[in-house]
Amino acid sequence: MESARGSGPLGVLASKKVKDGSKSRSRRRWRKSKAKASRFSHSMDLHSITQSLVTLAEDNMAFFSSQGPGETARRLSSVFAGVREQALGLEPALGRLLSVAHLFDLDAETPANGYRSLVHTARCCLAHLLHKCRYVASNRRSIFFRTSHNLAELEAYLAALTQLRALAYYGQRLLAINRPGGLFFEGDEKITAEFLREYVTLHKGCFYGRCLGFQFTPAIRPFLQTISIGLVSFGEHYKRNETGLSVTASSLFTSGRFAIDPELRGAEFERIIQNLDVHFWKAFWNITEIEVLSSLANMASATVRISRLLSLPPEAFEMPLTSDPKLTVTISPPLAHTGPGPVLIRLISYDLREGQDSEELNSLVKSEGPRGLELRPRPQQAPRSRSLVIHIHGGGFVAQTSRSHEPYLKGWAQELGAPIVSIDYSLAPEAPFPRALEECFFAYCWAVKHCALLGSTGERICLAGDSAGGNLCFTVSLRAAAYGVRVPDGIMAAYPVTTLQSAASPSRLLSIMDPLLPLSVLSKCVSAYSGAETEDQSDSDQKALGMMGLVRRDTSLLLRDLRLGASSWLNSFLELSGRKSQKSSIAPVESMRRSVSEAALAQPECPLTLKELSLKGSSEATDTPEMSLSVETLGPNTPSDVNFFLRPEHPREEDEVKEELNPKDRSQGVSNAFPEGFHPRRSSQGAIRMPLYSAPIVKNPFMSPLLAPDSMLKTLPPVHMVACALDPMLDDSVMFARRLRGLGQPVTLRVVEGLPHGFLSLAALCRETRQATELCVERIRLVLSPPPAAPPP
C-alpha cells in the first residue's frame, strides 16, 4: 500500500513543501556563512587579506591546471593566476596611500578622504575575491559546483580588481603632483585635460554588471541592480523615441535580457553613460515625477496636513539690512536668460499652523492637477513654529523638483515640528547659471519676509539641501551676506558639490564605478549648468532637439551672452566707483547694495584658479566693510587674499609627505602613472563625448564656493555637512570643511559608511539609509535648537 505522503495531490504538495523548505534553509545557511566570512575578512588587515588570497589563488590554480586541457579548466587556472598577479601588485600601492591618508583628514575624529575611500573600495574587492576563492576551494570537487557561474563571477571581479589597481596608481600620481594637504589637482589645465583623457578611456562595464555596487552596504545592491536594469531599458526606449520624454513606468523594466545577462547589462550601461546627452539623464532622473511612482512614494511617507505648491509673483520687494534695519534693499525678481518669471515653492507642514490658511497665502496656491491639496479643515490651529526650514533639492542642476524629494521632507516636517519650504528652481540646460541661484535667493528672501504666512515666527531659519542643492545653499547664503540681508542661522548640506571645476581628486576617481554619479554624467551636468557647449555636437543631437528646441537653445545662448556682457560692464563700473571715498549719501549706498551681487556674479578679469589659491600665505586684514562687498573682493588681486590649500598644522606632517615623494615622481607625466608591464583594460565604446576643459565661469565663487575668497566665506553661518565615504563628491566636503575651519568658522562634518550619493531619496529603503537621514535631521535640529552656551568661568 502506498503511503499518504507519497501519493495523490496532497503527497505531491507535501513533498514540494519539504523540498522548498530545504532550499530555503540552504539559502539561509549560505547567506549566513557569507556574512560571517565577510565580517572575518573585514577584520583582517590589508596584508593578511592579500596573503590569504594569494595562497588560495595558487592552490586553486594548481588544482585546475591538473584537470586536463579543457577550456573551462584553462580559464579557471588563468583567472586565479590573474587574481594572484593583481593582488600582489595592488598591495604596495594601497599601502602607500594608506600610510599618508591620515594627513588629509579634517581631524582625528573624522577619518575620511578620497585616499581612504580608494583603499576601502579595493579592500572590499579583495575581500569578495577571498570569499569566492575559499568557496571554490571547498566546493570544486562537488557535483553541484556551478563551474560556469563561478567562472563568470571570478572573471568579473578580476576585471574590477585590475581597474582598481589602475585607480590606485592614479591616486599615487595625484599624491605626487599635488602639494601636501591638497586633495584636488592644482596644476596646469593642460595636465588636467591629459589626466581626464587618460582616465576616461578605462573600461567601466565590469563595475556595472556582476560587480555592481559591491562597495556599498548589501541592502543597497538590489536597488542598484533594479536601477541599472531600468536605466538600460530606458536607454533603448530613448533611442527609439529620440527625446525619450514619452516614457511610462511599465516601459522601464521590459527588457528581460538585461536582467538575466549581467555582462550585457554592464556593456550597455557603459555605452549609455559615455554617449547619451544630458537630456537623457534629465528625462531618466525625472522618472520619480511620474504620477504612479510619486503616489506610491507618498503613500509610504508620513502624512502631513499641508503640502501646497505656491507660485511667487515676479515682483520686487524690500528687505531690511541687518547692519541697520531702518535701511532697506530691493530684492529684484530673477532676470537671467528668460526674464522675469514666477518662482515655485512647496510648503510642507505636519500641522496646520496660524497663517497657513490665510487668504493671502491661498491666493498664491498653484494647482497640481489630480493631486489636490492635503489641507483639510481643523477645529484648532497650532501656533506658529519658532523655526523655518528652507530646502533646496538636488538633481545635478538639471533634474527633479520638490515633488521628487517630498517623501523624506514630510518626515522632516513631522520630526522637526517646523514648516518646510522647498524651492522649485528652473533647471539647466534651458536655464543655466545664474538663473537657479537668482530664483533660490529670491524665494529665500520672500520666505524670510513672509514667514508668518508660512506658519513660523522666523526666530530660527535653517537652509538645507542635498548635492546640487547643497551648493545652492552655500551660494544663497553668500549672496544674502553680499546684499546685507539676514543670512540663515545655519546650513545643513548633505553630500554637497563645492567646486564645479573638472579637477581630479582621489574621491572623484571613484566615479568610474559609481552607477549614480559617473564622471561623464557629472561633466554633462556641469556643462549644462554653466551654459557651455560640448566639444562634439553630432547631427543626432540636432535632430533630437527639433526646430523649436534649436530656436530655444540659440535664444538662450544669446540671452546668456547679453547677460554676461552686461555683468562685465557692471563689474567695471563698480570697480571704478568702489575706489571712491566711502563718504556718500544713503541713496548711492542703496544703489550700490542692489547691484553688488550682480557684480559678484560677473566673470572676474583674472579668474580664480586652484593653483593661484594655493599660493596664499596668511590672510591680511581689509578695510572694506562687509556690507559693501563689491567686485573689488573678486578682482585681479583676489588670489593674494585666499587660503584654499591649507598647509598641515604641523610642519613635520608636510615633511612626512615630502619624504614619501621624490622629485622624480613629481616630474613624471600622467601617462607614466603605471609601472612597466601593467596594462589596465580600456573601454571598447569609442571616444567619450565629454568636455576636457572647464568653462571659465565655473571658477566663479557663486558656482564653486570652495574657490571663494576668505572674506566671503567668513560671512557664512555655522555649516553642518553630512557626506558619504564612497561618494565621488567626498573630497568636496572635506576640503570645504578644512577651509572653513582654517578661517575659524563653525563647521561640522559627519561621514556615513557604505551608502551612495543621494541616500536621502532612499530614506525608506533600509536601516542604514534611515539612520543617515536621521543624522541629517539631527544636524538641522542643531541649527533650529542650538545647545545653550557654556557659562563663563
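1. Helix 2 passes helix 3 in a left-handed crossing, at least in this predicted model. The two axes, with helix 2 at residues 46-65, come within 8 Å and cross at roughly 160°. Since angles over 145 degrees count as roughly antiparallel, that makes helix 2 roughly antiparallel to helix 3.

2. Who sits at that contact? On the helix 2 side you'll find, among others, Leu46, Leu53, Val54, Met61 and Phe64, and they belong to a set that meets residues of helix 3 including Leu76, Phe80, Val83, Leu88 and Leu94. There are charged residues in the mix too, including Glu58 in helix 2 and Arg84 and Glu91 in helix 3. By class, the helix 2 and helix 3 contact comes out at 14 nonpolar, 7 polar and 3 charged residues.

3. Helix 3 (residues 71-100) has another partner to look at: it packs with helix 5 (residues 147-177) at an angle of about 25°, the axes being 8 Å apart. That makes helix 3 roughly parallel to helix 5. The crossing of helix 3 and helix 5 is left-handed. Their contact residues split into 19 nonpolar, 8 polar and 5 charged.

4. On to the sheet. It is open, built from 8 strands in the order 1-4-6-5-7-8-9-10, with mixed pairing. Strand 1 (306-312) and strand 10 (747-752) are the edges, each pairing on one side only. From one strand to the next, the twist averages 20°.

5. If you want to check the register at one edge, start with strand 9 (residues 719-724) and strand 10: they run parallel and are joined by 6 bridges. Cys724 stands opposite Val752 in strand 10.

6. Two helices to view against those strands are helix 15 and helix 24. Helix 15 (residues 468-483) lies across strand 5 (385-392), strand 7 (456-466), strand 8 (490-494) and strand 9, and runs at about 135° to strand 7. Helix 24 (residues 767-784) packs on the sheet as well, touching strands 5, 7, 8, 9 and 10, and its direction makes about 145° with that of strand 7.

7. Last, the charged pairs. The count comes to 22 salt bridges. One to pull up on screen is Glu263 with Arg210, where the closest N and O atoms are 2.6 Å apart. Glu263 belongs to helix 9 (residues 262-275), while Arg210 is in the loop between helix 6 (189-199) and helix 7 (221-241), so the pair ties together parts that are 53 residues apart in sequence.

Methods
Residues numbered from 1 in each chain as written. Predicted model: local features only at pLDDT ≥ 70, side-chain atom pairs only at ≥ 80, totals over all residues. Heavy atoms only, no water. Pairing = 2+ DSSP bridges. Helix = DSSP H or I, 4+ residues; strand = E, 2+ residues; numbered from the N terminus. Axes fitted to C-alpha atoms, helices over the stretch in contact; angles between N-to-C directions. Contact = heavy atoms within 4.5 Å. Parallel < 35°, antiparallel > 145°, perpendicular 65-115°, else oblique. Left-handed = near helix turned anticlockwise from the far one by under 90°. Nonpolar A, V, L, I, M, F, W, Y, C, P; charged D, E, K, R; others polar. Salt bridge = Lys/Arg side-chain N within 4 Å of Asp/Glu carboxyl O.
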